[in-house]
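The exercises below are meant to be worked through with the sequence and the coordinates open side by side. Each task is followed by a solution that proceeds step by step.

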Amino acid sequence: MATERWFYGAMLVYHTYVVLYRHYYPQYMPSDFTYAGRWKFLTHWNAMLQITYYATSGILALAPSSLSHLTTSPHIRNVRSRLFFAILLPLSYFVVLFFWGLYFLDRNLVHPVEMDQYVTPYFNHQKHSFIVVWTTLELMLVRHRTLPEYIDGLISVVAFGLLYMVWVILVHAVSGIWAYGVLEVLSFRGEILYCTTALGIFVVLYSVCYGAARRIYGRSYYQRDS
């Protein structure tokens, strides 16, 4: 419990700093002024989810004993557990894998050279590197009291992935803008293959992370709260 409090407290401080950094040192890119702004990008979805999750977890972890009914609520624990294991953990690995994979393959597909004048290296790593550090540390340091059933988490993963894909397609249909340069150079069949592959990798990452959690903590550790 002490480790959990320290970890979430540190995450609350860090993500508060992230919010303040973004406020006082805004780094606007040309794409921010096009349709849907930063909300076109999965990186931004992930960043907002992490900020919300860790801010909430930090507040709950540091809450006084008079609010223990919130920190021990089975419903809240189940929601946090599903959000972490089914979305945040595999999503952080997905963002890092796809961004840096495409970056080293051809950086023009995700982060052209001219973007360096808008985005500092720190801000870039904040969005595309550090995110996996925090979720991995949580996996190793925090003992969640519940773990969603594998199939329940899988449904959440697929639903989230399809939701984002539909969003990307809608943005393109309305504005003619693809969120990622790689989609601009692919044929229709290539786009379908790319999206299907991306969703498949997301599912594989979820499965690997889920298996790692059970291996780290032991199969008998988890029980679903009622």
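**Exercise 1.** Does Arg107 count as buried or exposed, and at what relative accessibility?

*Solution.* The model is a predicted one, and the values used here are computed from it. The relative accessibility of Arg107 is 18%. The cut-off for a buried residue is under 20% relative accessible area, so Arg107 counts as buried. As a next step, look at the partner of this side chain: Arg107 forms a salt bridge with Asp116, and the closest N and O atoms are 3.0 Å apart. Asp116, at 41% relative accessibility, counts as partly exposed.

**Exercise 2.** Determine how many salt bridges the structure holds, and describe the partners in the pairs not yet treated.

*Solution.* The structure holds 3 salt bridges. One of them joins the side chains of Asp32 and Arg38, at 3.0 Å from N to O. Asp32 has a relative accessible area of 14% and is therefore buried, and Arg38, with 19%, is buried as well. Another salt bridge is formed by Asp152 with Arg82, whose closest N and O atoms are 3.7 Å apart. Because Asp152 lies in helix α7 and Arg82 in helix α4, this pair ties together parts that are 70 residues apart in sequence. Asp152 is partly exposed, with a relative accessible area of 24%, and Arg82 is partly exposed, with 32%.

**Exercise 3.** Describe the overall architecture and dimensions of the protein chain, and decide whether its radius of gyration agrees or disagrees with that of a compact globule.

*Solution.* Begin with the secondary structure: the protein chain has 9 helices and 0 strands. Next, take the extent of the C-alpha trace, which spans about 50 × 40 × 30 Å along its principal axes. For 226 residues, a compact globule would have a radius of gyration near 17 Å, and the 19 Å of the protein chain agrees with this. Turning to the contacts with a separation of 6 or more, 83% of those in the protein chain are accounted for by residues 24 or more positions apart. Finally, 48% of the 226 residues count as buried, while the accessible surface comes to about 12200 Å², of which 69% belongs to carbon and sulfur atoms.

**Exercise 4.** Which residues touch the most other members of the largest nonpolar core, and which helix supplies the largest share of this core?

*Solution.* The largest nonpolar core has 53 residues, and within this core Leu42 and Tyr54 touch the most other members. The largest share, 15 residues, comes from α4. To see the surroundings of Tyr54, leave aside its neighbours within four places in sequence; the contacts of Tyr54 then include Phe7, Met11, Phe84 and Trp134. Apart from this core lies another, of 5 residues, among them Tyr21, Met29, Met115 and Val119.

**Exercise 5.** Where in the chain does Ala36 lie, and what is the sign of its phi?

*Solution.* Ala36 is placed in the loop between α1 and α2. Its phi is positive, at about 75°, although Ala36 is not a glycine. As background, most residues other than glycine have a negative phi. Ala36 counts as partly exposed, at 25% relative accessibility. Tyr25 also lies in the loop between α1 and α2, and at 54% relative accessibility Tyr25 counts as exposed. Together with Leu20 and Tyr24, Tyr25 makes a nonpolar surface patch of about 390 Å².

Note on methods
Residues numbered from 1 in each chain as written. Predicted model: local features only at pLDDT ≥ 70, side-chain atom pairs only at ≥ 80, totals over all residues. Heavy atoms only, no water. Core = buried A, V, L, I, M, F, W, Y, C linked by side-chain atoms within 4.5 Å. Buried < 20%, exposed > 50% of the residue type's maximum accessible area, 1.4 Å probe, protein only. Helix = DSSP H or I, 4+ residues; strand = E, 2+ residues; numbered from the N terminus. Contact = heavy atoms within 4.5 Å. Patch = residues over 30% accessible without salt bridge, like charges linked within 9 Å, V, L, I, M, F, W, Y side chains within 5 Å. Areas by Shrake-Rupley, 256 points an atom, 1.4 Å probe, with all protein chains shown as cover. Salt bridge = Lys/Arg side-chain N within 4 Å of Asp/Glu carboxyl O. Rg over C-alpha atoms; globule rule 2.2 N^0.38 Å.
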